[in-house]
Amino acid sequence: MSNRAARSPRNAEKRRKKNAHAIPRKKVSGITGNTIGARTKAKKLAGQRRVALAKAAAAEA
């Protein structure tokens with residue numbers, strides 16, 4: 001069971017109204033920034049792209 005307090009009806013209504021007024025923004029499509037996770041993911045994706053390009057070049061030759 002979660003340890004957070006249940007929202008009162010008034011507070012729940014307030015949250016809904018605030019969310020309705022919020023500016024819609026795009027969801028982040030991946031990890032951003034200079035974190036270990038982001039750098040690892042970028043390195044992995046770069047390697048996958050390099051392999052794909054090498055395969056495409058080999059198929060043409």
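The chain folds into two helices and zero strands. The structure is a predicted model, and the description below moves from the overall form of the chain to individual side chains.

The overall dimensions come first. Along its principal axes, the C-alpha trace spans about 70 × 25 × 25 Å. The radius of gyration of the chain is 22 Å, whereas a compact globule of 61 residues would have a value near 10 Å. Burial may be considered next: of the 61 residues in the chain, 3% are buried. The accessible surface amounts to about 6,300 Å², and carbon and sulfur atoms account for 57% of this surface.

Two distances between C-alpha atoms relate helix α1 to later parts of the sequence. Arg-15, which lies in helix α1, is 13 residues from Val-28 along the chain, and their C-alpha atoms are separated by 22 Å. Glu-13, likewise placed in helix α1, stands 26 residues from Arg-39 in sequence, with 40 Å between the two C-alpha atoms.

The charged side chains may now be examined. Side chains of opposite charge can pair when their charged atoms come close. How many salt bridges does the structure hold? The structure holds two salt bridges. In one, the side chain of Glu-13 meets that of Arg-10, with a distance of 3.6 Å from N to O. In the other, the side chain of Lys-17 meets that of Glu-13, and here the N to O distance is 3.5 Å. Glu-13 takes part in both pairs, and Arg-10, Glu-13 and Lys-17 are thereby linked in a network of salt bridges.

The positions of these residues in the helix bear on the pairing. Glu-13 and Arg-10 are separated by about one helical turn, because they are three residues apart in helix α1. Lys-17 and Glu-13 are four residues apart in helix α1, so about one helical turn separates them as well.

Is the network residue Glu-13 buried, partly exposed or exposed? Its relative accessibility is 31%, and therefore Glu-13 counts as partly exposed. Its partner Arg-10 has a relative accessibility of 54%, which means that Arg-10 counts as exposed; the cut-off for that class is over 50%.

A further group of charged residues is found at the surface. Which residues form the positive surface patch? The patch is made up of Arg-4, Arg-7, Lys-14, Arg-15 and Lys-18. Among them, Arg-7 is located in the segment before α1, a helix that covers residues 9–21. Arg-15, by contrast, is found within helix α1 itself. With a relative accessible area of 31%, Arg-15 is partly exposed.

In summary, helix α1 carries Glu-13, a residue of the salt-bridge network with Arg-10 and Lys-17. Helix α1 also carries Arg-15, one of the residues of the positive surface patch.

Key
Residues numbered from 1 in each chain as written. Predicted model: local features only at pLDDT ≥ 70, side-chain atom pairs only at ≥ 80, totals over all residues. Heavy atoms only, no water. Rg over C-alpha atoms; globule rule 2.2 N^0.38 Å. Buried < 20%, exposed > 50% of the residue type's maximum accessible area, 1.4 Å probe, protein only. Areas by Shrake-Rupley, 256 points an atom, 1.4 Å probe, with all protein chains shown as cover. Patch = residues over 30% accessible without salt bridge, like charges linked within 9 Å, V, L, I, M, F, W, Y side chains within 5 Å. Salt bridge = Lys/Arg side-chain N within 4 Å of Asp/Glu carboxyl O. Lys, Arg positive; Asp, Glu negative; His and termini not counted. Charge placed at Lys NZ, Arg CZ, Asp CG, Glu CD.
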